[in-house]
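Reader: I am new to protein models. Can you show me how to read one, feature by feature?

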Amino acid sequence: MDRSLETRVSQAVDAWLKWLPRWHPSTHTGRTRVCRRCFGSPVMVAAGLDHDVPHAVQHGLSTRVKAIVDDVVDDYTNKNLPLLRHELTEAERRKAATYRPEHGLEPEYDGLPLDPEPDPSAPYLFTLAGLADLDTPQAAPPPPPPPPLSDEEKVALRTEIRLADECAIHAGKLVCIAMAEHRGRIERAVAIYVEPQVAALLSDLSLELDAPPSQW
C-alpha cells in the first residue's frame with residue numbers, strides 16, 4: 001500500500017478524534033433523507049461506525065476520508081486523463097461566477113443540507129441554496145459553453161471516466177484497509193465520548209415518557 005495514503009488516513013483519524021470530544025447530541029440536526037456518503041459506506045464498516053452511531057459522528061470521518069480519495073482521483077486525472085481534466089476545469093470555471101455557500105465548511109458539515117426543510121406556513125425570505133443559484137454582482141459573466149465534442153472525443157471521454165471510476169474504487173479499497181488498522185482507537189473514542197451522551201439522552205427521554213401528566 002502507498003505509505004502516503006496510510007499516513008493521510010492516519011491523519012484524518014487523528015483530526016476526527018480531536019474533533020469528537022466537541023460533538024454533542026444537541027448539534028445533530030434531523031434528516032429526512034439518507035446520507036449517501038455514510039449509509040452503507042465500506043469505510044464506515046472498516047472503521048466500525050456502520051451501526052449504532054449518530055450520523056453526525058459518522059459524517060465527520062467519512063467526509064475526511066472522501067477528501068483523501070478525491071485527491072487521489074484528482075491527481076490521477078491531472079496526470080493521465082487530459083480530456084476529463086479539461087472538462088472538469090471548464091465546469092469549475094463556469095461555476096466560479098456563482099456564490100457557493102458550501103465552500104469553506106468544516107469537514108463535519110460538508111455535504112449536509114445548508115437550509116432547513118421548507119415550511120409552507122413560514123416561508124423563508126431567502127435560502128442559501130437560492131443564493132447559490134444567483135450570480136454575484138461583482139463576478140464576471142461566466143464563459144461561454146465549450147463547443148460540442150466529436151464522436152471520437154465522446155468515446156475517449158467515456159473511457160477516461162471509466163478509468164477515473166476504477167481509480168476511485170481502488171483508492172477506496174486501500175483506504176478501507178488502512179482504516180481497519182485504526183478501528184480499535186475509533187471504538188474506544190466512541191465509547192468514551194459518544195455512548196455516554198447517547199445513553200444520557202435516552203435516559204432523559206425515558207423519564208419524560210414515564211412522567212405522569214401535569215395536574216392543573
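Reader: Let me start with one residue. In which helix does H59 lie?

Author: Keep in mind that this is a predicted model. H59 lies in helix α3.

Reader: Is H59 buried or exposed?

Author: Compare its relative accessible area with the cut-off: buried means under 20%. H59 has 1% relative accessibility, so H59 counts as buried.

Reader: Which residues does H59 touch, beyond its neighbours in sequence?

Author: Leave out residues up to four places away in sequence. H59 then touches C35, R37, C38, P107, E108, Y109, D110 and L112.

Reader: Now the nonpolar core. How many residues does the largest one have?

Author: The largest nonpolar core has 38 residues. Those with the most contacts inside it are W16, L49, L61, V175, M179 and I186. Helices α1 (3–19), α2 (42–47), α3 (55–80), α4, α6 (151–180) and α7 (183–210) each supply at least two residues of this core.

Reader: Which helix gives the most to this core?

Author: That is α6, with 9 residues.

Reader: Take L61 from the core. What is L61 in contact with?

Author: Again, set aside neighbours within four places in sequence. L61 is in contact with A12, V13, W16, M44, A47, L49, M179 and I186.

Reader: Next, charges. Why can charged side chains pair?

Author: Side chains of opposite charge can pair when their charged atoms come close. In this structure the count comes to 6 salt bridges. One of them joins the side chains of D14 and R185, at 2.8 Å from N to O.

Reader: Where do D14 and R185 sit along the chain?

Author: D14 is in helix α1 and R185 is in helix α7. They are 171 residues apart, so this pair links distant parts of the chain. D14 is partly exposed, at 37% relative accessible area. R185 is also partly exposed, at 25%.

Reader: What about D70 and K66: where do they lie?

Author: Both lie in helix α3, 4 residues apart, about one turn of the helix. Their salt bridge has its closest N and O atoms 2.7 Å apart.

Reader: And how far apart are the closest N and O atoms of E187 and R183?

Author: They are 3.1 Å apart, in a salt bridge. E187 and R183 both lie in helix α7, 4 residues apart.

Reader: Last, the surface. Which residues make the nonpolar patch of about 250 Å²?

Author: L105, Y109 and L114 make it. L114 is in the loop between α4 (82–95) and α5 (128–132). At 33% relative accessibility, L114 counts as partly exposed.

How values were computed. Residues numbered from 1 in each chain as written. Predicted model: local features only at pLDDT ≥ 70, side-chain atom pairs only at ≥ 80, totals over all residues. Heavy atoms only, no water. Patch = residues over 30% accessible without salt bridge, like charges linked within 9 Å, V, L, I, M, F, W, Y side chains within 5 Å. Areas by Shrake-Rupley, 256 points an atom, 1.4 Å probe, with all protein chains shown as cover. Salt bridge = Lys/Arg side-chain N within 4 Å of Asp/Glu carboxyl O. Buried < 20%, exposed > 50% of the residue type's maximum accessible area, 1.4 Å probe, protein only. Core = buried A, V, L, I, M, F, W, Y, C linked by side-chain atoms within 4.5 Å. Contact = heavy atoms within 4.5 Å.
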